[in-house]
Amino acid sequence: QVQLVESGGGLVQAGGSLRLSCTARGIIFSFNAMGWYRQAPGNQRELVAAITRDSYTRYADSVKGRFTISRDNAKKTVYLQMNSLQPEDTAVYYCNTDPPTVVVRTGVYWGQGTQVTVSS
């Protein structure tokens with residue numbers, strides 16, 4: 001059974017930092033590229049950062065220089081260090097494979113996400 005469990009979100013002031021974690025179960029973590037996605041109210045879910053199984057990274061233009069994605073294959077965990085947070089970073093953050101390929105009966109699997117709220 002696939003499970004992606006995100007944690008580390010919270011309320012932070014603009015300019016602050018948060019570190020998100022996502023632990024994966026039920027997938028061969030080390031074989032998969034992983035990504036962090038976010039969805040703000042009224043917006044589509046977007047990919048903000050991705051890391052290949054060889055730890056090559058890429059970022060959305062909106063977060064380049066502020067966010068850093070990393071992974072620990074032994075812990076089956078992917079991280080997102082978010083610095084210089086801005087109110088426009090407010091969203092629910094999810095991790096998933098990149099691209100999202102885990103399919104369950106109801107469609108593409110997504111975890112519960114973790115809420116990040118940045119106050120101005």
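Which residue in S9 is the bridge partner of Trp36? The partner is Cys95.

This is a predicted model: local features need pLDDT of at least 70, side-chain atom pairs count only at pLDDT 80 or more, and totals for chains, interfaces and linings use all residues. Residues are numbered from 1 along each chain as its sequence is written, and side-chain values use heavy atoms, with hydrogens and water left out.

## Strand S4 and its partners

Start with strand S4, residues 34-39. Strands here are DSSP runs of E with at least two residues, numbered from the N terminus. Five of the six residues in S4 are buried. Buried means under 20% relative accessible area, exposed means over 50%, and partly exposed lies in between (1.4 Å probe, protein chains only).

S4 pairs with two strands. Two strands pair if DSSP finds at least two bridges between them. With S5 (residues 46-51), S4 pairs in the antiparallel sense over five bridges. With S9 (residues 91-97), S4 pairs in the antiparallel sense over six bridges. Trp36 has a bridge partner in each: Ala49 in S5 and Cys95 in S9.

S4 and S5 also form a hairpin, with six residues between them. In the turn, Gly42 has a positive phi of about 80°.

## The nonpolar core

In soluble globular proteins, nonpolar side chains tend to be buried together. A nonpolar core is a set of buried Ala, Val, Leu, Ile, Met, Phe, Trp, Tyr and Cys residues joined through side-chain atoms within 4.5 Å. The largest such core in this model has 29 residues. Those with the most contacts inside it are Trp36, Val78, Leu80, Met82 and Tyr93. The elements that give two or more residues to this core are S3 (18-25), S4, S5, S7, S8 (77-82), S9 and S12 (114-119). S3 gives the largest share, four residues.

Look at Tyr93. Contact means heavy atoms within 4.5 Å. Not counting residues up to four places away in sequence, Tyr93 touches several core-rich names, including Trp36, Leu80 and Met82. Glu6 and Arg38 are also among the residues that Tyr93 touches.

## Salt bridges

Side chains of opposite charge can pair when their charged atoms come close. A salt bridge is a side-chain nitrogen of Lys or Arg within 4 Å of a carboxyl oxygen of Asp or Glu. The structure holds five salt bridges. The table gives three of them, including their closest N to O distances.

| Pair | N to O distance |
|---|---|
| Asp89 and Arg38 | 2.9 Å |
| Asp98 and Arg58 | 2.8 Å |
| Lys64 and Asp61 | 3.1 Å |

Asp89 sits in the loop between S8 and S9, and Arg38 in S4, 51 residues apart. Both Asp89 and Arg38 are buried. Arg38 and Asp89 also belong to a network of salt bridges with Glu46 and Arg66.

Asp98 lies in the loop between S9 and S10 (103-104) and Arg58 in S6 (residues 57-59), so their pair ties together parts that are 40 residues apart in sequence. Asp98 is buried, with a relative accessible area of 17%. Arg58 is partly exposed, at 44%. Asp61 is exposed, with a relative accessible area of 65%.

## A buried arginine without a salt bridge

Where is Arg71? Arg71 is in strand S7 (residues 67-72). Arg71 is buried yet has no salt bridge. The nearest side chain of opposite charge, Asp54, is 8.2 Å away. For charge, Lys and Arg count as positive and Asp and Glu as negative; His and the chain ends are not counted.

The side chain of Arg71 reaches backbone oxygens instead: that of Phe29 at 2.8 Å and that of Thr52 at 3.0 Å. Arg71 also touches residues farther along the chain, among them Asn32, Met34, Ile51 and Val78.

## Two more residues in the strands

Asn96 is found in S9 and is buried, with a relative accessible area of 0%. A polar atom of the Asn96 side chain lies 2.8 Å from the backbone oxygen of Tyr109. Asn96 is in contact with Met34, Gly35 and Tyr37, among others.

Leu47 is in S5 and is partly exposed, with a relative accessible area of 26%. Among the contacts of Leu47 are Trp36, Arg58 and Asp98.

Notes. A polar contact is a pair of N or O atoms within 3.5 Å; within protein, one must be able to donate a hydrogen and the other to accept it, and residues adjacent in sequence count only if both atoms are side-chain atoms.
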